Each structure stands twice: as C-alpha cells, then as structure tokens.
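Hello,

Here is the structure for you to look over. My notes follow below it.

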Amino acid sequence: MNTHEKINYLEFPATDLNVVKTFFHTLFGWQFIDYGPDYTAFSGAGIDGGFYRADISARSSNGSVLVVFYSENLHHTQEKITTAGGQLVKDIFEFPGGRRFHFADPTGNEYAVWSDK
C-alpha cells in the first residue's frame, strides 16, 4: 500500500546480486524480481526494496542508515544469519529497551536485529 509522504521503498548496494538474493531468500524467505543484470527488487521484508549492483556496501561506520530487524528470539535469528552466510559485526548487547546485534550480509551491508524479549 502506498501512503502519502511515508517511507515506501529501500535500495541497497550489492557487489553480487545472486549472492545477496540467495542469502535473504534462505534467511527470511524474501522474493525477488530481476530488472536487468544490475538490479533486483525484493518483497516480503515488511517494506519492499531492491539491490543495485555496486562496488560499495552500506555500513554504519561510513554514515549509512542502519536497517534494524525485529526478532522474538535473538539467538535463533543470529544462528540463522551465520548459517546462511552472514557475518557477525557486533555480538548481542543490551541497550535501554532491549538487546540487539549487528550483522553483515555476504556483500558487506550492515544491519541490526533487536528484541525486547
């Protein structure tokens, strides 16, 4: 659903579209539609978006926005991520309101996962 003046779509760089598609499909069941060799769109993530071919990655240390997923079981989600080929960037830590960890997809983009449980 398109809502006036609300975030509607996210785009991320990826050095290898096939690798990032396999990772997120295996991890979270995302679906993909390719639009040529340099772009793929995803759905099933809570918000739609896409990956474009690039030689860079989105990292919070470089000033990138940090996309944060929610999990009801941090340890289980962390295990799924590493099994699917993701890399742990920051182990689980506490912050006011919950706990979280950071990970990178196989193309180097950084994300976080948090839980209030």
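Phe93 has Arg100 in S7 as its bridge partner. This is a predicted model. The bridge belongs to the pairing of S6 with strand S7 (residues 98-104), which is antiparallel and runs over six bridges. Arg100 also sits over the face of Phe95, 5.9 Å from the ring centre.

Now the sheet around that pairing. It is open, has four strands and mixed pairing, and follows the order S5-S8-S7-S6. Strand S5 (67-70) and strand S6 (87-95) are the edges. Each has a single partner strand, so one side of each has no neighbour in the sheet. On average, neighbouring strands are turned by 25° against each other, direction ignored. Helix H2 (residues 74-83) packs on this sheet. H2 touches S6, S7 and strand S8 (110-115). The direction of H2 makes about 5° with that of S7.

Next, the aromatics. The count is 21 aromatic pairs. Take Phe69 and Phe103: their ring centres are 6.2 Å apart. Their planes are at 35°, so this pair counts as tilted. Phe69 is in strand S5 and Phe103 in strand S7, so the pair ties together parts 34 residues apart in sequence. Both residues are buried.

Which cluster do Phe69 and Phe103 belong to? They are part of one aromatic cluster with Phe12, Phe23, Phe24, Phe28, Trp30, Phe32, Phe42, Phe51, Phe101 and Tyr111.

Best regards

Conventions. Residues are numbered from 1 along each chain as its sequence is written. This is a predicted model: local features need pLDDT of at least 70, side-chain atom pairs count only at pLDDT 80 or more; totals for chains, interfaces and linings use all residues. Side-chain values use heavy atoms; hydrogens and water are left out. Two strands pair if DSSP finds at least two bridges between them. Helices (H or I, at least four residues) and strands (E, at least two) are DSSP runs, numbered from the N terminus. Axes are lines fitted to C-alpha atoms, for helices over the stretch in contact, and angles run from 0 to 180 degrees between N-to-C directions. Contact means heavy atoms within 4.5 Å. Rings of Phe, Tyr and Trp (its six-membered ring) pair if their centres lie within 6.5 Å; planes under 30 degrees apart count as stacked, over 60 as edge-to-face and the rest as tilted. Buried means under 20% relative accessible area, exposed over 50%, partly exposed in between (1.4 Å probe, protein chains only). A charge sits over a ring if NZ of Lys or CZ of Arg is within 6 Å of the ring centre and within 35 degrees of the ring normal.
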